[in-house]
Amino acid sequence: MIIAPSVLSFHFDKFKEEIDILNKKAEFLHFDVMDGHFVPNLTFGPDVLKAFRRSSNLFMDVHLMVEDPDYFSDIFIKAGADGITFHYESFDDIIKCDLLIDKIHKKYIKAGISVRPNTDIEVIKPLLDKIDIVLVMSVEPGFGGQEFIQSTYDKLQFLDQYRKEHDLKYLIEVDGGVNDKNAHEIIQSGTDILVAGSYVFKGDINNNLDTLRKCK
Ligand code: DX5
Ligand code: ZN
């Protein structure tokens, strides 16, 4: 099980204190990059990732919620990303998704594909034999602190079953509304990577990360 705390909920005024905890207790750091167009919110650029990179060896997991993932993938790879996940809906075109995956792989970076809650998971089937990560959005992308959407479980079961049937190795990542109440069922449905923002950073981060890990 991989825990990916979301930088969206990080307290920048307590940088040293919080990054020290994450370095000990998490595997990934999840960066939600939003451009104010693909989603109605604007977050951070590559310098923020560089600042974290100077204090952490965690896997830098970049989630692009942007209209032009081709452009932003280059920028975040240069800044030190280990994985770039982009949205199918940024292109709505399998060939374009396929080309971007190849471009990311040429830089020796992991490539991930994500779908919004209302997108049929089966549209990305043609990419499943080459993708490293499938990120299932369990809330509408744009903001932290929303409630987990129950229909996510069907998508997870599909992805887990498809992976077994075709002997594929992609990791399944869930993003949005993850907490200590639903983490067990999410993991049992085949999820490898849990993104969690508001749950991890509210109150005692150490305890929250320990609790989440025990939900397995
Ligand atoms: C939402 C982001 C999530 C968000 C999750 O668009 O992709 O990564 O930070 O936040 P919580 O865990 O608060 O739902
Ligand atoms: Zn995210």
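Which elements make a right-handed β-α-β unit here? β6, helix α5 (residues 152–165) and β7 do; right-handed says that, with the strands pointing away from the viewer, the path from the first strand over the helix to the second runs clockwise.

## Ground rules

This is a predicted model, in which local features need pLDDT of at least 70 and side-chain atom pairs count only at pLDDT 80 or more, while totals for chains, interfaces and linings use all residues. Residues are numbered from 1 along each chain as its sequence is written, chains are lettered from A and ligands numbered from 1 in the order in which they are written, and side-chain values use heavy atoms, with hydrogens and water left out.

## Strand β6 and its neighbours

Let's start with β6. Helices (H or I, at least four residues) and strands (E, at least two) are DSSP runs, numbered from the N terminus. Strand β6 covers residues 133–137, and five of the five are buried, so the strand is largely enclosed by the rest of the structure. Buried is under 20% relative accessible area, exposed is over 50%, and partly exposed is in between (1.4 Å probe, protein chains only). Ile133, Leu135 and Met137 point one way from β6, with Val134 and Val136 pointing the other way.

β6 has parallel partners in β5 and β7; pairing takes at least two DSSP bridges between two strands. With strand β5 (residues 110–115) there are four bridges, in the parallel sense, and serine 114 stands opposite leucine 135. With β7 there are five bridges, again parallel, and valine 134 has isoleucine 172 as its bridge partner.

## The zinc site

On to the metal. The zinc ion (ligand 2) takes protein donors from His30 (NE2), Asp32 (OD), His63 (ND1) and Asp175 (OD), at 2.0 to 2.3 Å. Donors are N, O and S atoms within 2.8 Å of the metal (3.2 Å for Na, K and Ca); water is not among the atoms, so sites may look incomplete. In sequence, the donor residues follow the spacing H-x1-D-x30-H-x111-D. The aspartate pair links distant parts of the chain: aspartate 32 sits in strand β2 (residues 28–34) and aspartate 175 in strand β7 (residues 171–175), 143 residues apart. Both aspartates, 32 and 175, are buried.

The site has six donor atoms with angles of 65 to 165° among them, and is irregular. That label covers anything that is neither tetrahedral (four donors, all angles between 85 and 135 degrees) nor square planar (four) or octahedral (six), which need opposite donors over 155 degrees apart and all others between 65 and 115.

## Around ligand 1

Ligand 1 is surrounded by 20 residues, and the closest are Asp32, Gly142, Asp175, Gly197 and Ser198; a residue counts as near if one of its heavy atoms lies within 4 Å.

Polar contacts are pairs of N or O atoms within 3.5 Å; within protein, one must be able to donate a hydrogen and the other to accept it, and residues adjacent in sequence count only if both atoms are side-chain atoms. Aspartate 32 has a polar side-chain atom 2.6 Å from an oxygen atom of ligand 1, and for aspartate 175 the distance from a side-chain N or O atom to a ligand 1 oxygen is 2.6 Å. Serine 6 has a polar side-chain atom 2.8 Å from an oxygen atom of ligand 1.

## Loop residues

Tyrosine 108, in the loop between α4 (94–106) and β5, has a positive phi of about 60° although it is not a glycine. Its relative accessibility is 78%, so tyrosine 108 counts as exposed. Aspartate 167, in the loop between α5 and β7, has a positive phi of about 50° and is exposed at 57%.
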